[in-house]
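Subject: Structure handover

Hi,

Here is the structure for you to look through. Please open it beside this email, and then read my notes below.

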Number of protein chains: 2
Amino acid sequence: MKNAQEHLISKGIHPSHQRVAIMDYLLKHRTHPNVDEIYSALNESMPTLSKTTIYNTLKLFEEKGAVSSISIDEKNARYDAFTQPHAHFQCIQCGAIYDLDLNQEPTLSDETKSEFTILNTQIYYKGICPKCKTPEK
Amino acid sequence: MKNAQEHLISKGIHPSHQRVAIMDYLLKHRTHPNVDEIYSALNESMPTLSKTTIYNTLKLFEEKGAVSSISIDEKNARYDAFTQPHAHFQCIQCGAIYDLDLNQEPTLSDETKSEFTILNTQIYYKGICPKCKTPEK
DNA sequence: TAAAAATATTGTAATGATTACAAGTATTTA
DNA sequence: TAAATACTTGTAATCATTACAATATTTTTA
């Protein structure tokens with residue numbers, strides 16, 4: 001597990017108390033939390049933390065490439081500190097989001113690649129997760 | 001160009017005046033419009049059309065598989081009457097959304113495919129579109 | 001070190017997309 | 001044609017996110 005403070009510094013982000021706590025949470029909880037979940041989780045140990053700070057911080061992290069935001073859930077943005085390319089799956093029953101590894105990345109034609117500058121790729125799957133498929137286990 | 005009314009009937013949707021107008025707009029404008037854009041476009045010829053009806057109608061269309069909704073733009077949902085699988089690109093400068101054809105679809109491992117039931121796949125690219133790359137053309 | 005400047009955090013209020021709801025209108029059924 | 005059903009509408013509520021202004025903290029500089 002990477003150290004949150006060092007991770008922030010390596011991305012050129014000043015490691016304030018709040019920022020370290022938020023990054024630490026993201027590194028330890030690979031559940032693609034939304035702002036509310038981060039807020040609830042950190043509120044116990046940091047009662048003065050404000051939700052605005054979480055919004056500001058995640059925005060900064062994203063600009064600096066320290067997290068990526070996932071729009072698989074239409075309701076709210078979700079965040080992932082694991083920025084290597086991978087696909088996401090959301091269960092339409094329980095809402096959980098999983099990382100999925102691809103056997104084969106999608107590819108565009110050479111013509112498309114020359115016309116468009118691709119900066120970011122997101123691959124989202126939706127369906128039923130293993131837990132919801134066999135609930136009594 | 002497919003006829004909007006027939007298209008609705010084939011999907012088991014009663015073709016009311018409003019529904020036909022909305023589907024007709026989607027079939028004729030492959031720009032992945034959001035609710036506001038549909039509303040503004042149709043308001044001239046149907047001044048009594050309400051935005052709530054557009055929301056209700058698009059929800060119904062989606063349930064019946066007549067359109068798919070795209071969450072590539074975090075701000076608002078966008079709609080596409082072309083339901084065959086294809087990827088989408090959004091320009092981070094002008095916001096326009098393009099359809100992209102894939103040379104190669106992404107593939108999951110057999111193990112993942114047996115564990116997860118995949119019902120829907122969305123592939124989003126972001127970057128700079130051809131028009132914004134060479135604006136003086 | 002102390003004052004000044006810059007940066008970070010906070011709480012409240014505003015915004016804007018979407019949904020809930022209740023009433024009205026149109027269509028279908030009997 | 002009357003009753004039942006389905007569809008549409010406008011207003012109000014909800015909820016995630018952003019704007020903003022005031023504090024607090026940290027860094028810089030003299």
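Ala41(B) counts as partly exposed because its relative accessibility is 32%. The cut-offs are these: buried is under 20% relative accessible area, exposed is over 50%, and partly exposed is in between (1.4 Å probe, protein chains only). Ala41(B) sits in helix α3 of chain B, residues 35-43. Helices here are DSSP runs of H or I with at least four residues, strands are E runs of at least two, and both are numbered from the N terminus. Between the C-alpha atoms of Ala41(B) and Ser114(B) there are 45 Å, and the two residues are 73 apart along the chain.

A note on the source: this is a predicted model, where local features need pLDDT of at least 70 and side-chain atom pairs count only at pLDDT 80 or more, while totals for chains, interfaces and linings use all residues. Residues are numbered from 1 along each chain as its sequence is written, chains are lettered from A and ligands numbered from 1 in the order in which they are written, and side-chain values use heavy atoms, with hydrogens and water left out.

Now the histidines. His32(A) is in the loop between α2 and α3 of chain A. Its phi is near 55°, a positive value in a residue other than glycine. His32(A) counts as buried, because its relative accessibility is 1%. In chain B, His32(B) lies in the loop between α2 and α3. Phi of His32(B) is near 55°.

Next, the DNA. How many residues surround DNA strand D? There are 17, and the closest are Tyr55(A), Ala77(A), Ser16(B), Gln18(B) and Thr53(B). A residue counts as near if one of its heavy atoms lies within 4 Å of the strand. Of the strand D atoms that come within 4 Å of the protein, 77% belong to sugar and phosphate.

Three polar contacts are worth finding. A polar contact with the strand is a pair of N or O atoms within 3.5 Å.

- The Tyr55(A) side chain has an N or O atom 2.8 Å from a phosphate oxygen of strand D.
- Arg19(B) has a polar side-chain atom 2.9 Å from a phosphate oxygen of strand D.
- Thr52(B) has a polar side-chain atom 3.3 Å from a base oxygen of strand D.

Helix α4(B) gives the largest share of the surface near strand D, 3 residues.

Best wishes

Methods. Polar contact = N/O pair within 3.5 Å; in protein donor to acceptor, adjacent residues only side chain to side chain.
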